[in-house]
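Trainee: Please pick one part of this model and take me through it closely. I would like to know what surrounds that part and how the rest of the fold is laid out beside it.

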Amino acid sequence: MEEIINKVANSVLEVFDLEDYYPKGIRTQIDISQWLFEGFLLREKDFRESLKNHDWSQYQNQYVAVFCATDAIVPAWANILVTVYASEFAKKVVNGNLEDLETALYQEILPTLDYSRYENKPVILKGCSKKPVPESAYVVAVQYLRPFAKSIMYGEACSAVPLYKKSKA
């Protein structure tokens, strides 16, 4: 009987897993429609009073996305004012939903990484993740990997989709 050899484990393939860079911490959304009259109309005095009386400490060390769940037309300063209050406690505040928040986090993290370890190596941009890694993070990651990698594939070693191969010029 022949020994089973794990060719993937013995290969020169490097796996770039975005989950490895997923920042730990609680993600929270703040829906500003809760402070709008009937969820749609911003009455400035009431809005400001509601923000002043809100318990902002509940967002301590959290990542926060500020959005409006209704189709209300909200002036730009409203989200900015919510950010002023939330940012006193939160690690980070973004305008948008949780995916926008994840995108912003990866846009901060990915430029700080050292990609030189991938120099002239075949790289698999790991596709399956248990954490909510947004598609936009893969788009950003491949731009940083491309100048270094010999080739880039997406997915898993057993079923990778080729994305890029350095020319032999």
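Mentor: A polar contact here is a pair of N or O atoms within 3.5 Å, and within protein one of the two must be able to donate a hydrogen and the other to accept it. Keep that cut-off for Lys91, and keep in mind that the model is predicted.

Start with the location. Lys91 is found in the loop that lies between helix 3 and strand 4. Its relative accessible area is 45%, which means that Lys91 is partly exposed. The side chain of Lys91 reaches the backbone oxygen of Lys24, at a distance of 3.5 Å. With neighbours within four places in sequence left aside, Lys91 is in contact with Lys24 and Gly25, and also with Asn61, Gln62 and Tyr63. For Gln62 there is a backbone distance as well: its C-alpha atom is separated from that of Lys91 by 5.4 Å, although the two residues are 29 apart along the chain.

Tyr63 leads on to the strands. The residue that follows in strand 4, Lys92, is the bridge partner of Tyr63. Strand 3 and strand 4 run parallel and are joined by four bridges. Together with helix 3, these two strands make a right-handed β-α-β unit.

Helix 3 itself spans residues 76-86, and its buried residues are Ala78, Asn79, Leu81, Val82 and Ala86. These five lie on the same side of the helix because they cover an arc of only 160 degrees around the axis. In general, an α-helix has 3.6 residues a turn, so residues three or four places apart point the same way. Ala76, Ile80 and Val84 are on the other side of helix 3, and they are exposed. The buried residues pack against strand 2 (27-31), helix 2 (44-53), strand 3 (63-67) and strand 4 (92-95).

Now the other strands. Four strands form an open sheet in the order 1-5-6-7, and the pairing is mixed. Strand 1 (14-16) and strand 7 (161-165) stand at the edges; each has a single partner strand, so one side of each has no neighbour in the sheet. From one strand to the next, the twist averages 25 degrees.

Within that sheet, strand 5 and strand 6 run parallel, joined by five bridges. One of the pairs places Val123 with its bridge partner Ile152 in strand 6. Helix 5 (residues 135-145) lies across strand 1, strand 5 (122-126) and strand 6, and it runs at about 165 degrees to strand 5. Strand 5, helix 5 and strand 6 make a β-α-β unit that is right-handed, as is the one made by strand 3, helix 3 and strand 4.

Strand 6 (residues 151-155) pairs with strand 7 in the antiparallel sense, over four bridges. The two strands form a hairpin, with five residues between them. In this pairing Met153 stands opposite Pro162, and Tyr154 has Val161 as its bridge partner. Strand 6 is mostly covered, as four of its five residues are buried.

To return to the loop: Lys91 is partly exposed, with contacts that include Lys24 and Gln62.

Terms used: Residues numbered from 1 in each chain as written. Predicted model: local features only at pLDDT ≥ 70, side-chain atom pairs only at ≥ 80, totals over all residues. Heavy atoms only, no water. Buried < 20%, exposed > 50% of the residue type's maximum accessible area, 1.4 Å probe, protein only. Arc of directions from axis to C-beta. Contact = heavy atoms within 4.5 Å. Pairing = 2+ DSSP bridges. Axes fitted to C-alpha atoms, helices over the stretch in contact; angles between N-to-C directions. Right-handed = clockwise from strand over helix to strand, strands pointing away.
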